[in-house]
Amino acid sequence: MSIELRQLDGSELDRFFETLAHAFGQGPPFPAEMEELWRSLLELKRTVSAWDGEQLVGTASTFDFRVTVPGGGSLPAAGVTAVGVRPTHRRRGVLRSMMRRQLDELHAWGEPLALLTASEPEIYGRFGYGVASEELTARIDTSRVRLTLPEGADELSLRLVDPRDPEVLARCEELYARRVPVRPGMLERRPGWQWVPLRDPAEKRDGASPMICVLAESDGELRGYARYAVRPRWDTGSPHGQVLLHNMEALDPAAHGALLRYLCDLDLTTELDVRSRPTDDPLLHMVSDTRRCHVRPLDQLHLRLVEVDAALAGRTYAAPVDVVFEVADAFCPWNEGRWRLTGDAHGARCVRTDETPELALSVRELASGYLGGTSLSALADAGLVRELRSGALAEATTAFRGALAPWAPHGF
Ligand SMILES: CC(=O)SCCNC(=O)CCNC(=O)[C@H](O)C(C)(C)COP(=O)(O)OP(=O)(O)OC[C@H]1O[C@@H](n2cnc3c(N)ncnc32)[C@H](O)[C@@H]1OP(=O)(O)O
């Protein structure tokens, strides 16, 4: 089988979505709402298509993001998306060849990072991606769990609005933009991206209502918003509906608490399903009983350092660090070798060196630690990082960690 790889032509987009629909197992047509959104956001220059003769057998693309890195700055990051291979052409190296082309292109364009959320966590490690953030899912028994609310929560007023109302959406996006620099992993949303967290395909609701939006305001100022749906359940006689939290942002503890209480107190419901929150979300400290919250962490952002030096120099460090890393990177050999990282809370430098290595690891582990979500010491305990100079591991571990757990607000 000979496979040709090339950028997609605009006239081939129908086939792109048809191939993706087959790859994800549901068969064509691709869900209409998603297709319309993705068509408006895809950049043909960033697509990769794999062809077996006239047949489109593989798809991949990237979005041109900026992601918040530790310290509050941001870096360009390629958001890998729409990866799929036709079921007839599985396990013959089509994905590998698309990943090869994609990373070569990102390298040529000088983009320091690539990010993705994976359908299955096993796929991307072999291409140098490490799990850089986790998300927390929870199923809160709101008939039993009580909340202790932060001061000021009672003073906020709550208002139900149409999430798609242009004025509401603009205000929510403005608030979201203020949250972006706060947490590593947050994604800047360019025009068009405000629709992504509003995705709500009817065929995926499974008995739940369309998306609802509640605003938390004080004297007309927006302090937080939550988007959710309600799935009524009456099958046992008494009502025990579920509240499904799609997304929520708040500027301060009071707004966060007010929104959470609203979601937990909705009449005729006994459960709040939290789909994706940071692993250090304050809700964990407001509930009376975490066992009845059924909390579960899942891998979230898989991250790749496309350019080790630009990536490491592009963030700041929680404590002074001066360490020589010996990096292994079989898939992107331009990253292989020794890098000396010096930095602190104000800035950093990362340069090639032939000095004696002090920590040895693969680019995958460096990626796992990059946003501050995974401890390099923990990776060393798993045999994945080797300390070659006493003290270097503790120094790098402390420097890489941040005050907040990394998290991305939505998939892509
Ligand atoms: C960012 C995103 O878009 S995530 C969405 C990814 N897409 C999907 O899950 C849709 C359904 N799946 C598919 O379309 C395909 O099976 C893909 C894209 C996951 C894999 O494509 P393939 O062309 O079969 O992969 P390819 O043959 O290149 O395999 C490369 C390697 O990955 C491994 N691999 C591929 N798929 C998987 C998987 N699902 N789980 C574990 N390992 C996998 C292969 O075994 C191979 O391993 P090796 O390096 O040891 O040889």
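In what order do the five strands of the open sheet lie? The legends below begin with that sheet and then turn to the ligand shell of this predicted model.

**View 1. The open sheet of five strands and its edges.** The strand order is β17-β16-β15-β18-β19, and the pairing is mixed. Strands β17 (348-352) and β19 (385-387) occupy the edges; each has a single partner strand, so one side of each lacks a neighbour in the sheet. On average, neighbouring strands are turned by 25° against each other, direction ignored.

**View 2. Pairing of β15 with β18.** Strand β15 (residues 321-328) runs parallel to strand β18 (residues 359-362), and four bridges join the two. At one of the paired positions, alanine 328 has serine 362 of β18 as its bridge partner.

**View 3. Two helices on the sheet.** Helix α8 (residues 363-370) packs on the sheet and touches β15, β18 and β19. The direction of helix α8 makes about 95° with that of β18. Helix α10 (residues 392-400) also lies across β15, β18 and β19, and runs at about 100° to β15.

**View 4. The shell around the ligand.** The ligand is surrounded by 22 residues, of which Ala23, Val83, Val94, Leu95 and Ser119 come nearest. Two elements, β4 (74-85) and α3 (94-109), give two or more residues each to this shell. The most is given by β4, with six residues. By residue class, the shell comprises eleven nonpolar, four polar and seven charged residues. In the UniProt record, an unreviewed entry, the annotation "binding site" covers Val83, Gly84, Val85, Arg91, Arg92, Gly93, Val94, Leu95, Arg96, Ser119 and Glu120.

**View 5. Leucine 95 in helix α3.** Leucine 95, a residue of helix α3, is among those that come nearest to the ligand. Is leucine 95 buried or exposed? Leucine 95 counts as buried because 21 other C-beta atoms lie within 10 Å, where the criterion for burial is 20 or more. Beyond its neighbours within four places in sequence, leucine 95 is in contact with Gly58, Val83 and Val85. Of these contacts, Val83 and Val85 are also covered by the UniProt "binding site" annotation.

**View 6. Serine 119 in a loop.** Serine 119 belongs to the loop between β5 (113-117) and β6 (130-131). Like leucine 95, serine 119 is one of the residues that come nearest to the ligand. Serine 119 has 13 C-beta neighbours inside 10 Å and therefore counts as partly exposed; a residue with 12 or fewer would be classed as exposed.

Key
Residues are numbered from 1 along each chain as its sequence is written. This is a predicted model: local features need pLDDT of at least 70, side-chain atom pairs count only at pLDDT 80 or more; totals for chains, interfaces and linings use all residues. Two strands pair if DSSP finds at least two bridges between them. Axes are lines fitted to C-alpha atoms, for helices over the stretch in contact, and angles run from 0 to 180 degrees between N-to-C directions. Two residues are in contact if their C-beta atoms, placed from the backbone, lie within 7 Å. A residue is near a molecule or strand if its C-beta atom, placed from the backbone, lies within 6 Å of it. Ala, Val, Leu, Ile, Met, Phe, Trp, Tyr, Cys and Pro count as nonpolar, Asp, Glu, Lys and Arg as charged, and the others, Gly among them, as polar. UniProt positions are given in the numbering used here, feature names are shortened, and annotations may be inferred rather than shown by experiment.
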